[in-house]
Amino acid sequence: MPIKKLFAFLGTTFLAFALFAAPTEAATYTVTEGDSLFKIAQKHGITVAKLKTTNNLKSNTIQAGQQLVVPTAKETTSKSTATSATAQVAENMAQQQTTKPAVKEERAYKTIRVTSTAYTAYCRGCSGVTATGINLKKNPNMKVIAVDPRVIPLGSKVWVEGYGEAIAGDTGGAIKGNKIDVFLPTTAKAKNWGRRTVTIKVYQ
């Protein structure tokens, strides 16, 4: 092989290796006013549990100016990048499809029977913003449930019988033990839900 072609080949090989062999790394995120662990995790495509574990957080309380480590990964090969992108899209779609029963085919780490009631963003004394920072008045169609964090970790994805796939994104003074409160957009729907015993599956 001629010398020029050899150098050109080696140069191309080195460039390809540099592009596709980038190592895994972590990014630093500075908490701003109004941030919550749920918002930060959703923004970076990770779970609240992963964010808490990475930063050794024992609670969901964060403060403006606080530095958090957010796990990220650069592409290792063009194939793995495509696979990761596809997986991320699938995860986002799963989060948005709040009423499809396909989630029941996933492997839940906990299946329990609970007593359920319902609430709205406009109940007496309610701010409309959940314990994890979700504004229910701005997101009236979002599926959110209030839980006892000792039973169901905040930020978990949960399937609720008769309600669908939801996020464990709120708490309540009366929500203790095996009890949940499902968010519904109107008072009429909340009253229609009433009090019932349902099966729930906790996924993450």
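Trainee: Let's start with Ile145. Which residues does Ile145 touch, leaving out those up to four places away in sequence?

Mentor: Keep in mind that this is a predicted model. Ile145 touches Val158, Val160, Tyr163, Ala166, Ile167, Ala168, Gly169, Asp170, Ile180, Asp181 and Val182.

Trainee: How do I read a list like that?

Mentor: Start from the general idea: in soluble globular proteins, nonpolar side chains tend to be buried together. Here the largest nonpolar core has 41 residues, and those touching the most other members are Ile145, Ile152, Val158, Val160, Tyr163, Ile180 and Ile200. Helix H2 (residues 37–43) gives the most to this core, with four residues.

Trainee: Tyr163 turned up in both lists. How many aromatic pairs are there?

Mentor: Two. In one of them, Tyr163 meets Trp193 edge-to-face, with 6.0 Å centre to centre and 80 degrees between the planes. Planes over 60 degrees apart count as edge-to-face, so that label fits.

Trainee: Why does the pair tie together parts that are 30 residues apart in sequence?

Mentor: Because Tyr163 sits in the loop between strand S5 (157–160) and strand S6 (164–170), while Trp193 belongs to helix H5 (residues 187–193).

Trainee: Are Tyr163 and Trp193 buried or exposed?

Mentor: Both are buried. Each ring also has a charged residue over its face: Lys143 at 4.7 Å from the ring centre of Tyr163, and Arg196 at 3.8 Å from that of Trp193.

Trainee: And how do S5 and S6 run?

Mentor: Antiparallel, joined by four bridges; Trp159 stands opposite Glu165 in S6. Both strands belong to a six-stranded barrel in the order S3-S7-S4-S6-S5-S8, with mixed pairing. Its twist averages 45 degrees from one strand to the next.

Note on methods: Residues numbered from 1 in each chain as written. Predicted model: local features only at pLDDT ≥ 70, side-chain atom pairs only at ≥ 80, totals over all residues. Heavy atoms only, no water. Phe/Tyr/Trp six-rings, centres within 6.5 Å; stacked < 30°, edge-to-face > 60°. Helix = DSSP H or I, 4+ residues; strand = E, 2+ residues; numbered from the N terminus. Buried < 20%, exposed > 50% of the residue type's maximum accessible area, 1.4 Å probe, protein only. Lys NZ or Arg CZ within 6 Å of the ring centre and 35° of its normal. Core = buried A, V, L, I, M, F, W, Y, C linked by side-chain atoms within 4.5 Å. Contact = heavy atoms within 4.5 Å. Pairing = 2+ DSSP bridges. Axes fitted to C-alpha atoms, helices over the stretch in contact; angles between N-to-C directions.
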